[in-house]
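Colleague: I have the sequence and the model open side by side. Could you take me on a close look at one part of the interior, starting from a single residue and working outwards?

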Amino acid sequence: MARNSEDVLTDPPPPAADERLAYGSAPKQFGDLRLPAVDRLLPLAVVVHGGAWKAMYNLIHAGHFCVALGEAGIATWNVEYRSVGDPRGPWPGAGDDVAAALAFARHLVERYPLDADRIVLLGHSAGGQLALCAAKRAQLPVVALAAVSDLRESAERVGPDGAVARFLGGMPEEFPDRYAAASPRELLPLGVRQILVHGDADADVPYSQSVAYAEAAGDEAELVTLEGAGHFELIDPAASYWPRVVAAVQALL
């Protein structure tokens with residue numbers, strides 16, 4: 001059965017992370033670090049949760065996803081960030097927070113058994129937009145799961161009351177500079193390897209958006225199509241698609 005946003009919000013919480021660490025002074029500038037119990041340097045996935053850039057969603061729903069990545073031998077830094085509904089949450093606040101959390105990951109490498117040469121960004125939905133933008137700044141590879149990769153297209157399709165317009169404060173014709181700075185499609189080329197994973201039955205973020213993005217990105221990007229998958233199966237370790245998500249992450253580590 002396809003999962004929806006209500007399922008995500010009502011999931012029981014995951015097991016506690018190994019550590020919760022602040023990367024800034026604001027209340028939502030923190031992340032959860034999970035370290036698999038293996039005797040070697042660990043690859044690290046910096047995970048950016050989705051939720052339409054709305055404060056009602058948080059990093060808890062990505063915790064099960066992170067636990068499952070740990071079972072595959074991948075450490076995770078599950079990042080919280082300010083979003084719409086928080087002070088300074090709309091753009092560029094959320095983007096600045098993810099960039100700061102990614103910079104803090106470099107300190108994690110010094111303190112924990114993490115491999116500085118094996119770091120990947122991983123974002124779902126709105127978190128995919130944030131991860132793709134951060135990837136260009138940090139020059140790190142990125143796996144984008146059902147990412148909102150073209151903010152201009154999304155705003156024009158949904159309208160001024162949609163999540164994108166609320167996140168950026170208005171429509172493209174009102175704030176063209178914001179869309180140019182925040183939309184991954186307009187930031188191409190990113191200069192890093194990208195794998196886009198998207199279900200072709202996604203009713204929240206159109207699969208066609210990832211198709212168009214991958215075509216525009218050329219050799220930088222690979223599109224992995226999950227036949228019959230909706231929006232949330234990509235972050236559900238119990239879904240049959242999960243091994244393909246893990247394989248995408250491992251391919252960039």
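Modeller: Happy to! Let's start with valine 120, which counts as buried because its relative accessibility is 0%, under the 20% cut-off. Do keep in mind that this is a predicted model. Valine 120 sits in strand 5, a strand that spans residues 114–124.

Who surrounds this side chain? Setting aside neighbours within four places in sequence, valine 120 is in contact with Leu44, Ala45 and Val46, with Pro141, Val142 and Val143, and with Val249, Leu252 and Leu253. Alanine 131 makes a handy distance marker: it is 11 residues from valine 120 along the chain, and the two C-alpha atoms are separated by 9.7 Å.

Now step along to leucine 121. Again leaving out neighbours within four places in sequence, leucine 121 is in contact with Val46, Leu102, Ala131, Ala134, Ala135, Leu140, Pro141, Val142 and Val143. Val46 and Leu121 are also among the residues with the most contacts inside the largest nonpolar core, together with Trp77, Leu108 and Leu130. That core has 55 residues, and helix 3 (residues 93–111) gives the largest share of them, 8 residues. There is a second, separate core as well, with 29 residues, including Ala45, Leu226, Leu234 and Trp242. Ala45 is a name you have just met, as one of the contacts of valine 120.

Strand 5 also leads us to a cavity. The structure holds 1 cavity of 30 Å³ or more, and about 70 Å³ of space lies in the largest cavity. Strand 3 and strand 5 are the elements that give two or more residues to its lining, with the largest share, 3 residues, coming from strand 5. Among the lining residues you will find Val47, Val48, Leu122, Gly123, His124, Phe65, Leu145 and Ile235. By type, the lining divides into 7 nonpolar and 5 polar residues, with no charged ones.

One more lining residue deserves a look: histidine 61. You will find it in the loop between strand 3 (42–48) and helix 2 (63–71). Is histidine 61 buried or exposed? Histidine 61 is buried, because its relative accessible area of 11% falls under the 20% cut-off. A polar atom of the histidine 61 side chain lies 2.9 Å from the backbone oxygen of asparagine 58.

So that is the tour: from valine 120 in strand 5, by way of leucine 121 and its contacts, to the cavity lining and histidine 61.

Notes. Residues are numbered from 1 along each chain as its sequence is written. This is a predicted model: local features need pLDDT of at least 70, side-chain atom pairs count only at pLDDT 80 or more; totals for chains, interfaces and linings use all residues. Side-chain values use heavy atoms; hydrogens and water are left out. A nonpolar core is a set of buried Ala, Val, Leu, Ile, Met, Phe, Trp, Tyr and Cys residues joined through side-chain atoms within 4.5 Å. Buried means under 20% relative accessible area, exposed over 50%, partly exposed in between (1.4 Å probe, protein chains only). Helices (H or I, at least four residues) and strands (E, at least two) are DSSP runs, numbered from the N terminus. Contact means heavy atoms within 4.5 Å. A polar contact is a pair of N or O atoms within 3.5 Å; within protein, one must be able to donate a hydrogen and the other to accept it, and residues adjacent in sequence count only if both atoms are side-chain atoms. On a 1 Å grid over the protein atoms alone, a cavity is a set of points where a 1.4 Å probe fits but cannot get out, and a pocket is an open set with protein on both sides within 12 Å along at least five of seven lines; lining residues have an atom within 4 Å of a point. Grid points are joined across faces, edges and corners, and a volume is the space filled by probe spheres set on the points. Ala, Val, Leu, Ile, Met, Phe, Trp, Tyr, Cys and Pro count as nonpolar, Asp, Glu, Lys and Arg as charged, and the others, Gly among them, as polar.
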